[in-house]
Each structure stands twice: as structure tokens, then as C-alpha cells.
Amino acid sequence: MVSPNASSNSGSLEEQVQDLINHYNHGQFGVILSKVETLIALYPKAGVLFNIKGIALKNKGDLEGAINSYKQAIKIEPNFADAYLNLGAAMTDKGNLEAAIDSCNKAIKIQPGYAEAYLNISIALMRQGDLDGAIDNSRQAVKLKPDFAEAYHNLGDSLFSKGDLVESIDCYRQALKIAPENVQAYEG
């Protein structure tokens, strides 16, 4: 693995990506942005770098920049499910819910069984007021990934909004059982 102080052009692309992931895990988005620009100059056809850049930009509050980076990743690698997923999440944040759902559906088409994409669709549908669709997609996410606390939490929110208090409480309990640090479930 590349040390955090190593120059951006040392090591393989995989090592450099791992270094960027390590910075992500420490919330060092500014460091990621400075390093990823250098790496993009060296590897302009590496869609993963544009995806990582998008993640860092989104975390720094630059939603438009993030969306453009995800789109560039997809342009380079048209079957990049993670970039479609991230684009969908950014579109949800932007309020472009139809584009968000479309992007996540593309991720699922590329990678069937992508629980995170079903969750993102559920979030967008809930914001549109389609509680039944949100519930169905959250149920699919937990079916595909039974230890997916965030999906249980979202399912609980959707059920709560629909008035199913008993099942929503069960979902919040399941989310807390999986991820006890998920204090949001107590607020459901």
C-alpha cells in the first residue's frame, strides 16, 4: 500500500486508488481532490478516478461537480454500476428524482441484486410521495442484503409514513440490532 505521503505518481493505479479510499475513510476530501486530479492527468481513461472525484466533490458540497464527475466516469466506462448508483444519489440530493430513479435502475440492470441501488430508488420514491414503491424497493434491498441497516431504517420510515407503526418499529429495531450506533432509528 502507498503511504499517505507518497507522491501521486508512485505505485500502481490500484495502489493509488486504495490510497484515495484510505483518505476517504478518514474524511480527507480535500486531499482526495488534490491527489485525484494528478492521477486523472496520468490515467485519463480510468473511470474509477472520476467516480472517486465525484464522491469527494459531493462530500465537499459541490453537487454539480460531483454529477459531472459521475457522468464522466460513465462516459469512460458505460457499465460502471457504482457510478450510476452515485449519480442517482446525487440526483436525489439535487431533487431530480426521476433522473435518480433512472440512474439507479441502470445500476441494477448492470449489476442485478444491487441492494444499494434499490435503497436509493426507495429514497427517491419516498420523496415523490410513492410510499408503496418506496416500501417495495426497501423490502427488495433487505431481501438482497439482510444485514443492510440503512435499508431497514428507510423501510421503517416508509412504513411509518404510511401509518404502519407496528412494522415500522420492527424495522427500526432490526436496523438497531444490525448497527447499534444508528441512533437515527430511535428517532423514527
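**Helix packing.** I looked first at helix α1 (residues 13-25) and helix α3 (residues 47-59), which in this predicted model pack with their axes 11 Å apart and at an angle of about 15°. Because angles under 35 degrees count as roughly parallel, I noted α1 and α3 as roughly parallel to each other. I also looked up the hand of the crossing of α1 and α3, and entered it as left-handed.

**Salt bridges.** I then searched the whole structure for salt bridges, and the search returned eight. I followed up several of them, among them the pair of Asp 93 and Lys 58, whose side chains meet with an N to O distance of 3.0 Å. This pair links distant parts of the chain, since Asp 93 sits in helix α5 (residues 81-94) and Lys 58 in helix α3, 35 residues apart. For exposure, I found that Asp 93 has a relative accessible area of 42% and is partly exposed, and that Lys 58, at 28% relative accessibility, also counts as partly exposed.

The next pair I checked was Asp 102 with Lys 106, a salt bridge in which the closest N and O atoms are 3.3 Å apart. Here I wrote down that Asp 102 and Lys 106 are separated by about one helical turn, because they are four residues apart in helix α6 (residues 97-110). Asp 102 is partly exposed at a relative accessible area of 40%, and Lys 106 is partly exposed at 36%.

I went on to Glu 116, which forms a salt bridge with Lys 145, with 2.6 Å between the closest N and O atoms. Glu 116 belongs to helix α7 (residues 115-128), whereas Lys 145 lies in the loop between α8 (131-144) and α9 (149-162), so this pair ties together parts that are 29 residues apart in sequence. I recorded a relative accessible area of 25% for Glu 116, which is partly exposed, and 28% relative accessibility for Lys 145, which likewise counts as partly exposed.

**Surface patch.** Last, I asked which residues form a nonpolar patch on the surface. I found Phe 160, Leu 165 and Ile 169, which together have about 260 Å² of accessible area. I placed Leu 165 in helix α10 (residues 165-178). Is Leu 165 buried, exposed or partly exposed? With a relative accessible area of 45%, Leu 165 is partly exposed, because that class covers what lies between under 20% (buried) and over 50% (exposed).

Conventions: Residues numbered from 1 in each chain as written. Predicted model: local features only at pLDDT ≥ 70, side-chain atom pairs only at ≥ 80, totals over all residues. Heavy atoms only, no water. Patch = residues over 30% accessible without salt bridge, like charges linked within 9 Å, V, L, I, M, F, W, Y side chains within 5 Å. Areas by Shrake-Rupley, 256 points an atom, 1.4 Å probe, with all protein chains shown as cover. Salt bridge = Lys/Arg side-chain N within 4 Å of Asp/Glu carboxyl O. Helix = DSSP H or I, 4+ residues; strand = E, 2+ residues; numbered from the N terminus. Buried < 20%, exposed > 50% of the residue type's maximum accessible area, 1.4 Å probe, protein only. Axes fitted to C-alpha atoms, helices over the stretch in contact; angles between N-to-C directions. Parallel < 35°, antiparallel > 145°, perpendicular 65-115°, else oblique. Left-handed = near helix turned anticlockwise from the far one by under 90°.
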